[in-house]
Amino acid sequence: MKKKLLALFLAGAMTLSLAACGGSASSSAAASSEAASSGAASSEAASSTEEPITLRIAYMPNYGSLWSLTTAMNKGYFDEAGITVELTEFQDGPSIIAAMESGSIDMGYIGQGAHKLCIQGNAKIFALSHVSNGDAVIGGPEVKTLEDLKGKKVGYSSGTSSEDILKNALEKAGLTMNDITAVDMDASNIVTAMLSGGVDACATWSPNSLKILEEGKDLTKLCDNTTFSDKTVSLASWIVTPSYAEANADKILRFTKALFKAMDYAADDNYEEVAGYVAAQTKTDEASVYDQRGDADWLTGEEVARGAADGTVEKYYEIQQQNFIAAGAVESEVPVSDYVMLDNMIEAGK
């Protein structure tokens, strides 16, 4: 499968290697047995020979977080593995990690920004989800270029991919955070502030970025992830705490295998069907969810497993870490194998 975003990144990654080298949660419980109650899912699901388990899963209300998860639920892949999932919605990755550390969540999905917490030892990555292109910096009527950000009030969410793309944008314009009035706010509040004129510009992720651009007037998308594909990569991953990883390797592997089956299906041009699953979970308009299909390079489970085996996935996380260090978000280099469970990805692909 030819993938433009992945090709752009790989070209940039080669250049970089030659040079030197995201609040409060609201419950939305949903068991996979409910999702699989449709005729299609129940007819496809095989009787599991595995011991039944229940996993508490944290997600964010967007296509990127739910594309594979809801597919696994609706196609019966979790049922086949003897897994019941209980879902809880969060607004950002750091909040998900905090919930896992408190013991209320078993596994969760994170975007680019929260990966720095994995490098720092707060969580371990057991599966790569996709290479993202859902982040954007958007300017209001008086902000038409990145250079126009100087002196402006800019909304962002600290510790998330929002902060990462904002800093990349400022650097590209020869600016720093000290050159703007940075307003740290919840992701949902960014939408309100941008549409009401409460801020001059913002940095956020899909679907918020799509909503702002669709509903706002005289707005400009100043940059997105592909703008920086020559030097960085934006990843989305599935994570657990280190203690959970140590005690529950079998549960993690079973979940990953089901997830990889779902990725194989969902990435195979079944976007409209998957958008329906995501819209049902998030209780949002199916057309707006379908519009999010361009937010990433949607990897198959087979591609992730193969990439974990041949070093490609490890290189993704190495480059991500190098950029965190360069930005001052991470103090020192850590072996990727310390926090990325490559063996789990390889085994799940067998």
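Is Lys144 buried, exposed or partly exposed? Lys144 counts as partly exposed, at 36% relative accessibility. That value comes from a predicted model. This briefing covers an open five-stranded sheet, a set of 13 salt bridges and the buried helix H4.

**The sheet**

- Five strands form an open sheet in the order S8-S7-S9-S6-S10. Their pairing is mixed.
- In general, strands of a sheet pair through backbone hydrogen bonds, and the pairing can be parallel or antiparallel.
- Strand S8 (181-184) and strand S10 (220-224) stand at the edges. Each has a single partner strand, so one side of each has no neighbour in the sheet.
- On average, neighbouring strands of this sheet are turned by 25° against each other, direction ignored.
- Strand S7 (residues 153-156) and S8 run parallel, joined by four bridges.
- Between these two strands, Lys153 stands opposite Thr181 in S8.
- Helix H10 (residues 208-215) lies across three strands: S6 (135-139), S9 (201-205) and S10. H10 runs at about 135° to S9.

**Salt bridges across the chain**

- In general, side chains of opposite charge can pair when their charged atoms come close.
- The structure holds 13 salt bridges. Among them are the pairs Glu50 with Arg254, Arg56 with Asp106 and Lys144 with Asp218.

*Glu50 and Arg254*

- The side chains of Glu50 and Arg254 meet at 3.9 Å, N to O.
- Glu50 sits in the loop between helix H3 (39-44) and strand S2 (53-59), while Arg254 sits in helix H12 (residues 249-266), so the pair ties together parts that are 204 residues apart in sequence.
- Glu50 is partly exposed, with a relative accessible area of 38%. Arg254 counts as buried, at 7% relative accessibility.
- Asp250 joins in as well: Glu50, Asp250 and Arg254 are linked in a network of salt bridges.

*Arg56 and Asp106*

- In this salt bridge, the closest N and O atoms of Arg56 and Asp106 are 2.8 Å apart.
- Arg56 belongs to strand S2, and Asp106 to the loop between helix H6 (93-102) and strand S4 (107-110), so the pair ties together parts that are 50 residues apart in sequence.
- Arg56 counts as partly exposed at 30% relative accessibility. Asp106 counts as buried at 9%.

*Lys144 and Asp218*

- Lys144 from the opening question forms a salt bridge with Asp218, with the closest N and O atoms 2.6 Å apart.
- This pair links distant parts of the chain, 74 residues apart. Lys144 is in the loop between S6 and S7, and Asp218 is in the loop between H10 and S10.
- Asp218 counts as partly exposed, at 47% relative accessibility.

**The buried helix H4**

- How many residues of helix H4 (residues 63-74) are buried? The count is 12 of the 12, so H4 is largely enclosed by the rest of the structure.
- Buried here means under 20% relative accessible area.
- The buried residues of H4 include Tyr63, Leu66, Trp67, Leu69 and Met73. Ser65, Ser68, Thr70, Thr71 and Asn74 are also among them.
- Which residue caps the N-terminal end of H4? Asn62 does, with a side-chain oxygen 3.3 Å from the backbone nitrogen of Gly64.
- Just after H4, Gly76 takes a positive phi of about 85°.

Key. Residues numbered from 1 in each chain as written. Predicted model: local features only at pLDDT ≥ 70, side-chain atom pairs only at ≥ 80, totals over all residues. Heavy atoms only, no water. Pairing = 2+ DSSP bridges. Axes fitted to C-alpha atoms, helices over the stretch in contact; angles between N-to-C directions. Contact = heavy atoms within 4.5 Å. Salt bridge = Lys/Arg side-chain N within 4 Å of Asp/Glu carboxyl O. Buried < 20%, exposed > 50% of the residue type's maximum accessible area, 1.4 Å probe, protein only. Polar contact = N/O pair within 3.5 Å; in protein donor to acceptor, adjacent residues only side chain to side chain.
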